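Reader: Hi there! I'd like a close look at one part of this model, the nonpolar core and what lies around it on the way to the ligands. Could you walk me through it in one connected piece?

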Amino acid sequence: MSSLTVVDHPLLKRDLTILRSRETPHGAFRKTVSDAAAILAYEAMQEVDLKDKTIETPLESTTGYEIADEVIVVPIMRAGLGMVDGFVRFIPEARVGHLGMQRDEETYDPVDYYSNIPDTISEARVFVVDPMLATGGSASFAIEHLKQRGAERIHFACLVAAPEGIERLQSDHSDVPIVTATVDRELDDNAFIRPGLGDAGDRIFGTTG
Ligand SMILES: O=P(O)(O)OC[C@H]1O[C@H](OP(=O)(O)OP(=O)(O)O)[C@H](O)[C@@H]1O
Ligand SMILES: O=c1cc[nH]c(=O)[nH]1
Ligand SMILES: [Mg+2]
C-alpha cells in the first residue's frame with residue numbers, strides 16, 4: 001500500500017482554517033491555497049534525489065548539492081492550478097504538465113477534456129496536485145493517464161482528502177505516495193467532502209458568489 005502523510009504543521013492548520021471558512025473571499029482563498037501548497041511541497045519533495053556538486057565558497061572548495069531529478073508538476077485543472085506556484089517555488093526549473101478534468105455532476109465520474117504533458121515524463125519525478133481528493137476518481141484517472149504516457153515515479157499532493165478517496169487511490173495505485181493537509185470525515189450525498197471547504201475550483205477562481 002502506498003504511504004499516506006498527513007502534514008502536521010501549525011501554519012498549515014491556520015491556512016486550512018482560512019480555506020474552510022465560507023467568509024474567505026476568492027483572492028485570499030487563492031493566495032492561501034498557494035501558501036499551503038508550498039508547505040505540502042516541502043514535505044512531498046523529501047524523496048527528491050540530489051547529486052554532489054563542488055563549489056567555491058569565498059574561502060575554499062566544498063561539496064554541495066543540486067537536484068538530480070527532472071521534476072514535473074501536473075495540476076488537475078482547474079483547481080490544481082492553484083497549487084502549481086507553491087510547488088515550482090522551490091524548483092523553478094520544474095516543467096509543468098496540464099490535465100483537464102471535470103466531474104460529471106450526476107455520476108461523479110471524471111470527464112477528461114485536456115492533456116499536455118512534457119515529453120520527459122518517463123524519466124521524471126512527477127507531482128500530481130489537486131486540492132481535493134473526494135471519490136478519488138479524478139486523481140486515479142489522472143495517474144493512470146500519466147502511467148500510460150510513461151511516468152514511473154508519481155506522487156500525489158492534495159489539501160483535503162476524504163477516506164473514500166484515499167482508499168480508492170491506494171487500491172488503484174499502490175505505488176503512489178499521498179501527501180495531504182487533512183483527512184476529513186466523509187463524503188456527503190453529492191460526493192462533496194465534509195466538513196471540507198466547498199468547491200475548490202469555484203473558490204480559487206471566483207466563479208460563484
Ligand atoms: O475525487 P473526485 O470525486 O474525482 O473529486 C475531486 C475533483 O473534483 C474537483 O474538480 P471539479 O470536477 O470540480 O473541476 P474544477 O477543478 O474545474 O472545479 C477537484 O478539484 C478534483 O479534481
Ligand atoms: O468537496 C469537494 C469535492 C469535489 N470537489 C471539490 O471541489 N470539493
Ligand atoms: Mg470544481
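Author: Happily! Let's begin at phenylalanine 156, which, leaving aside its neighbours within four places in sequence, is in contact with Val128, Ala139, Ile143, Leu169, Val176 and Ile178. Please keep in mind that this is a predicted model.

Phe156 is a good entry point, as it is among the residues with the most contacts inside the largest nonpolar core. That core has 54 residues, and Val126, Val128, Leu133 and Leu146 share this rank with Phe156. In soluble globular proteins, nonpolar side chains tend to be buried together.

From Phe156 we can step to one of its contacts, alanine 139. Alanine 139 sits in helix H4, which runs over residues 137-148. It counts as buried because 30 C-beta neighbours lie inside 10 Å, and 20 or more are enough for that label. Beyond four places in sequence, its contacts are Ile76, Val128, Asp130, Leu133, Phe156, Gly165 and Leu169. Val128 and Leu169 therefore appear in the contact lists of both Phe156 and Ala139, a residue that is itself buried with 30 C-beta neighbours inside 10 Å. Valine 129 is 10 residues from alanine 139 along the chain, and their C-alpha atoms are 8.7 Å apart.

Two of the contacts of Ala139, Asp130 and Leu133, also belong to the "binding site" that UniProt lists in an unreviewed entry. That record further includes Arg78, Arg103, Met132, Thr135, Ser138 and Asp199.

Threonine 135 comes next, in the loop between E9 and H4. It is buried too, because it has 20 C-beta neighbours inside 10 Å. Outside its neighbours within four places in sequence, Thr135 touches Tyr108, Glu164, Gly165, Arg168, Leu187 and Ala191. Gly165 is thus a contact of Thr135 as well as of Ala139. Thr135 also brings us to ligand 1: it is among the residues that come nearest, along with Ala79, Ala134, Ser138 and Gly201, out of 23 around that ligand. E6 (98-103), E9, H4 and H6 (200-205) each give at least two residues to this shell, whose classes are 12 nonpolar, seven polar and four charged.

Methionine 132 leads to the other ligand. It lies in strand E9, residues 132-133, and is buried, with 25 other C-beta atoms within 10 Å. Its contacts beyond four places in sequence are Ala79, Cys158, Val160, Ile193 and Ala200. Ligand 2 has Met132 around it, together with Ala79, Ala134, Phe192, Ile193, Gly196, Asp199, Ala200 and Gly201. Of that shell, six residues are nonpolar, two polar and one charged. Ala79, Ile193 and Ala200 are contacts of Met132 and also line up around ligand 2.

Stepping back, the chain has six helices and 13 strands. Buried residues make up 38% of its 209 residues, and 63% of the contacts with a separation of 6 or more join residues 24 or more positions apart. The radius of gyration is 17 Å, which agrees with the value near 17 Å for a compact globule of 209 residues. Along the principal axes, the C-alpha trace spans about 65 × 40 × 30 Å.

Finally, the unreviewed UniProt entry lists "domain: Phosphoribosyltransferase" for residues 6-207, a stretch that is 33% helix and 31% strand and has its end C-alpha atoms 29 Å apart.

How values were computed. Residues numbered from 1 in each chain as written. Chains lettered and ligands numbered in written order. Predicted model: local features only at pLDDT ≥ 70, side-chain atom pairs only at ≥ 80, totals over all residues. Near = placed C-beta within 6 Å. Nonpolar A, V, L, I, M, F, W, Y, C, P; charged D, E, K, R; others polar. UniProt positions renumbered as here; feature names shortened; annotations may be inferred. Helix = DSSP H or I, 4+ residues; strand = E, 2+ residues; numbered from the N terminus. Buried ≥ 20, exposed ≤ 12 C-beta atoms within 10 Å, placed from the backbone. Contact = placed C-beta atoms within 7 Å. Rg over C-alpha atoms; globule rule 2.2 N^0.38 Å. Core = buried A, V, L, I, M, F, W, Y, C linked by C-beta atoms within 7 Å.
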